[in-house]
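User: Hey, can you walk me through this protein? I'm new to this, so plain words please.

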Amino acid sequence: MKKIEAIIRPFKLDEVKEALLEEGIKGMTISEVRGYGRQKGHKETFRGSEYQIEFVPKIKLEIIVEESLAEVVISAILRTAKTGQVGDGKIFVSNIEDAIRIRTDESGPSAL
Ligand SMILES: Nc1ncnc2c1ncn2[C@@H]1O[C@H](COP(=O)(O)OP(=O)(O)OP(=O)(O)O)[C@@H](O)[C@H]1O
Ligand SMILES: [Mg+2]
């Protein structure tokens, strides 16, 4: 199993969610987060000048899927969350050792 963690622009959430539903994603967790990337939350970088970091509101999606679904999840997010402007966000992919459905004790991919 893989975990796909995506930091996206809040206004893109609906579009991303719809695309993931169409791909048959069964569950996801979202959080309201704040962060910064290379521009430190600013629209432009000013060489040599010091300025404060601005934490910009973002949405974090966490989706655990069977390994075979990881690529379609990633491409659906890329397709729908991209504007082409700085601050579009990032996708992090990691391995998941196990998942357990609490109600039934099922584990592994069938718990997803
Ligand atoms: N290395 C990182 N680790 C954790 N979170 C990150 C990292 N880089 C970016 N983020 C998160 O992603 C959000 C958007 O980052 P952003 O898209 O601005 O990245 P970037 O590397 O500056 O790329 P771009 O040049 O396209 O803006 C940040 O607000 C932050 O929440
Ligand atoms: Mg940036």
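Analyst: Sure. One bit of vocabulary to begin with: a residue is called buried when its relative accessible area is under 20%, exposed when the area is over 50%, and partly exposed in between. Glu62, at 21%, therefore counts as partly exposed. Also keep in mind that this is a predicted model.

User: Got it. How many helices and strands does the chain have?
Analyst: There are two helices and four strands. Going from the N terminus, their order is β-α-β-β-α-β.

User: And what does the chain span along its principal axes?
Analyst: The C-alpha trace covers about 55 × 25 × 20 Å.

User: What share of the residues is buried?
Analyst: Of the 112 residues in the chain, 29% are buried.

User: OK, let's talk charges. Why would side chains pair up at all?
Analyst: When their charged atoms come close, side chains of opposite charge can pair. A search of this whole structure turns up eight salt bridges.

User: Which residues are linked in a network of them?
Analyst: Lys3, Glu5, Lys60 and Glu62 are linked that way. Lys3 pairs with Glu5, and their closest N and O atoms are 3.8 Å apart. Lys3 also has a salt bridge to Glu62, again given as 3.8 Å from N to O.

User: What does the Glu62 and Lys3 pair tie together?
Analyst: Glu62 sits in strand 3 and Lys3 in strand 1, so the pair connects parts that are 59 residues apart in sequence.

User: Is Lys3 buried or exposed?
Analyst: Lys3 counts as buried because its relative accessibility is 19%. Glu5 is buried too, with a relative accessible area of 18%.

User: What else is Lys3 in contact with, beyond its sequence neighbours?
Analyst: Leaving out neighbours within four places in sequence, the contacts of Lys3 include Ile63, Ile64, Phe92 and Val93. Asn95 is 92 residues from Lys3 in sequence, but their C-alpha atoms are 6.1 Å apart in space.

User: Now the residue before that, Lys2. Where does Lys2 lie?
Analyst: Lys2 lies in strand 1, which runs over residues 2–8.

User: Which side chain of opposite charge is nearest to Lys2?
Analyst: That would be Glu67, 4.3 Å away. A salt bridge needs a side-chain nitrogen and a carboxyl oxygen within 4 Å. Lys2 has no salt bridge, even though Lys2 is buried.

User: So which side chain does have a polar contact with Lys2?
Analyst: Asn95 does, and the distance between the two side chains in that contact is 2.6 Å. Setting aside neighbours within four places in sequence, the residues touching Lys2 also include Ile63, Ala70 and Ser94.

User: Back to salt bridges for a sec. Which residue does Arg9 meet in one?
Analyst: Arg9 meets Asp88, at 2.8 Å from N to O. This pair joins distant parts of the chain, 79 residues apart: Arg9 is in the loop between strand 1 and helix 1 (13–22), while Asp88 is in the loop between helix 2 (70–81) and strand 4.

User: Are those two buried or exposed?
Analyst: Arg9 and Asp88 are both buried.

User: Changing topic: pockets. How do people spot empty space?
Analyst: Rolling a probe the size of a water molecule over the atoms shows where empty space is left. In this model, the largest pocket has a volume of about 600 Å³.

User: Which residues lie nearest the centre of that largest pocket?
Analyst: Tyr36, Gly37, Gln39, Lys58 and Gly87, out of the 23 residues that line the pocket. Strand 2 (29–35), strand 3 (56–65) and strand 4 (90–95) each give two or more residues to the lining.

User: Tell me about Gly87, then. Where does Gly87 lie?
Analyst: Gly87 is in the loop between helix 2 and strand 4. With a relative accessibility of 31%, Gly87 is partly exposed. Beyond the neighbours within four places in sequence, Gly87 is in contact with Arg9 and Lys58. Ile7 is 80 residues from Gly87 along the sequence, with 9.6 Å between their C-alpha atoms.

User: Last one: is Ser68 buried or exposed?
Analyst: Ser68 is exposed, because its relative accessible area is 65%. You'll find Ser68 in the loop between strand 3 and helix 2. Thr29 is 39 residues away along the chain, and the two C-alpha atoms are separated by 20 Å.

How values were computed
Residues are numbered from 1 along each chain as its sequence is written. Chains are lettered from A and ligands numbered from 1 in the order in which they are written. This is a predicted model: local features need pLDDT of at least 70, side-chain atom pairs count only at pLDDT 80 or more; totals for chains, interfaces and linings use all residues. Side-chain values use heavy atoms; hydrogens and water are left out. Buried means under 20% relative accessible area, exposed over 50%, partly exposed in between (1.4 Å probe, protein chains only). Lys and Arg count as positive and Asp and Glu as negative; His and the chain ends are not counted. A polar contact is a pair of N or O atoms within 3.5 Å; within protein, one must be able to donate a hydrogen and the other to accept it, and residues adjacent in sequence count only if both atoms are side-chain atoms. Contact means heavy atoms within 4.5 Å. On a 1 Å grid over the protein atoms alone, a cavity is a set of points where a 1.4 Å probe fits but cannot get out, and a pocket is an open set with protein on both sides within 12 Å along at least five of seven lines; lining residues have an atom within 4 Å of a point. Grid points are joined across faces, edges and corners, and a volume is the space filled by probe spheres set on the points.
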